[in-house]
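Morning, everyone. I have one structure to walk through today. Please have a look at it on the screen before I start.

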Amino acid sequence: MLRAIYEWCTDNGYTPHIAVSVDAQTQVPMQFVRNGEIVLNISFDATSGLKMDNDQINFSARFGGVARQISVPVANVIAIYAQENNQGMAFEVTPPGERDSAEPAVTEPLAGLPAPTGPKLASVPQPKSGDDTPPDPDDGGPAKKADRPTLKRIK
C-alpha cells in the first residue's frame, strides 16, 4: 500500500511524506524527532537511493546539509500522504513485541497529522485540448499553474 500511494503522489506531482513512530529499530536523526515521531519527505528530489521493501524503507537524505542514511521499519509507518492536499492513508502502529506478518490496519488520524477525509486518491484533472486557459506569453502555450510543475520547451 505504501508503494502504491507513493507512486500516486509522484505521478500526480505531489510530494509524498511519511510519518514514522521512532523506536530502537528506526535510524533517523534524533534531533528532528518530536514526541517519538518524525515526518520524512520521501520525494525523489529529497532522497537518494530510496528502496521500499516489504519490511524496511531505506534511503539517504540531507538534514541541515549533512547526508544521513535513513532506515525505517514498515511497521513503524504511521501515515503516508501528499503534502499539498493531505490526502493519503494512516496506519495503526503495533508495538514491537506484538508484531506479526499481518498488514497494518487503517485507523483514525493521529495527533499532529492533518485529518484525512479517508483514503481518497484521485488523479488531478488534466487540461483538455480545447482548454480555455489563455496562452502564456513566454512560451506560447497554456498559462502555467502555480501548483503544478511545468516543462518549458526550448528550441
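I need one term first: a nonpolar core is a set of buried Ala, Val, Leu, Ile, Met, Phe, Trp, Tyr and Cys residues joined through side-chain atoms within 4.5 Å. Buried, in turn, means under 20% relative accessible area. And keep in mind that this is a predicted model.

Now the core itself. The largest nonpolar core holds 27 residues. Which of them touch the most other members? They are L2, I18, V28, L40, I57, V72 and I80. Several elements each give two or more residues to this core: α1, which covers 2–11, then β1, β2, β4 and β5, and finally β6, at 77–82. The biggest giver is α1, with five residues.

Take L2 from that list. Leaving aside neighbours within four places in sequence, L2 is in contact with M52, I57, V74, V77, I80 and F91. There is also a second, separate core, this one of five residues. Among its members are A19, A79, Y81 and A90.

Let me step back to the whole chain. The protein chain has 155 residues, and 32% of them are buried. Its secondary structure comes to one helix and seven strands. In sequence order, the helix comes at the start of the pattern and the strands follow: α-β-β-β-β-β-β-β. Now consider contacts between residues at least 6 apart in sequence. Of these, 48% join residues at least 24 apart.

Next, the sheet. Three strands make an open sheet, ordered β3-β4-β5, with antiparallel pairing. Why does one side of β3 and of β5 lack a neighbour in the sheet? Both strands, β3 at 47–52 and β5 at 66–73, stand at the edges with a single partner strand each, so one side of each is left free of a neighbour there. On average, neighbouring strands of this sheet are turned by 15° against each other, direction ignored.

Look at the pairing of β4 and β5. Strand β4 covers residues 56–63, and eight bridges join it to β5. One bridge to find on the screen: Q56 has P73 as its partner in β5.

Over to β3, and to T47, which sits in that strand. Is T47 buried or exposed? T47 counts as buried, at 13% relative accessibility. Its side chain reaches the backbone oxygen of S43 at 3.0 Å. Leaving aside neighbours within four places in sequence, T47 is in contact with N41, I42, F59 and S60.

Last topic: aromatics. How many aromatic pairs turn up in a search of the whole structure? Two.

One is W8 with Y14. Their ring centres are 5.4 Å apart and the planes stand at 50°, so the pair is tilted. Both partners are buried: W8 has 12% relative accessibility, and Y14 has a relative accessible area of 18%.

The other is F32 with F63. Here the ring centres are 5.4 Å apart and the planes are at 40°, so this pair is tilted too. The pair links distant parts of the chain, 31 residues apart. F32 lies in the loop between β1, at 16–21, and β2, at 37–41, while F63 lies in strand β4. As for accessibility, F32 is partly exposed, at 38%, whereas F63 is buried, at 16%.

That's my tour. Questions, please.

Conventions
Residues are numbered from 1 along each chain as its sequence is written. This is a predicted model: local features need pLDDT of at least 70, side-chain atom pairs count only at pLDDT 80 or more; totals for chains, interfaces and linings use all residues. Side-chain values use heavy atoms; hydrogens and water are left out. Two strands pair if DSSP finds at least two bridges between them. Helices (H or I, at least four residues) and strands (E, at least two) are DSSP runs, numbered from the N terminus. Axes are lines fitted to C-alpha atoms, for helices over the stretch in contact, and angles run from 0 to 180 degrees between N-to-C directions. Rings of Phe, Tyr and Trp (its six-membered ring) pair if their centres lie within 6.5 Å; planes under 30 degrees apart count as stacked, over 60 as edge-to-face and the rest as tilted. Buried means under 20% relative accessible area, exposed over 50%, partly exposed in between (1.4 Å probe, protein chains only). A polar contact is a pair of N or O atoms within 3.5 Å; within protein, one must be able to donate a hydrogen and the other to accept it, and residues adjacent in sequence count only if both atoms are side-chain atoms. Contact means heavy atoms within 4.5 Å.
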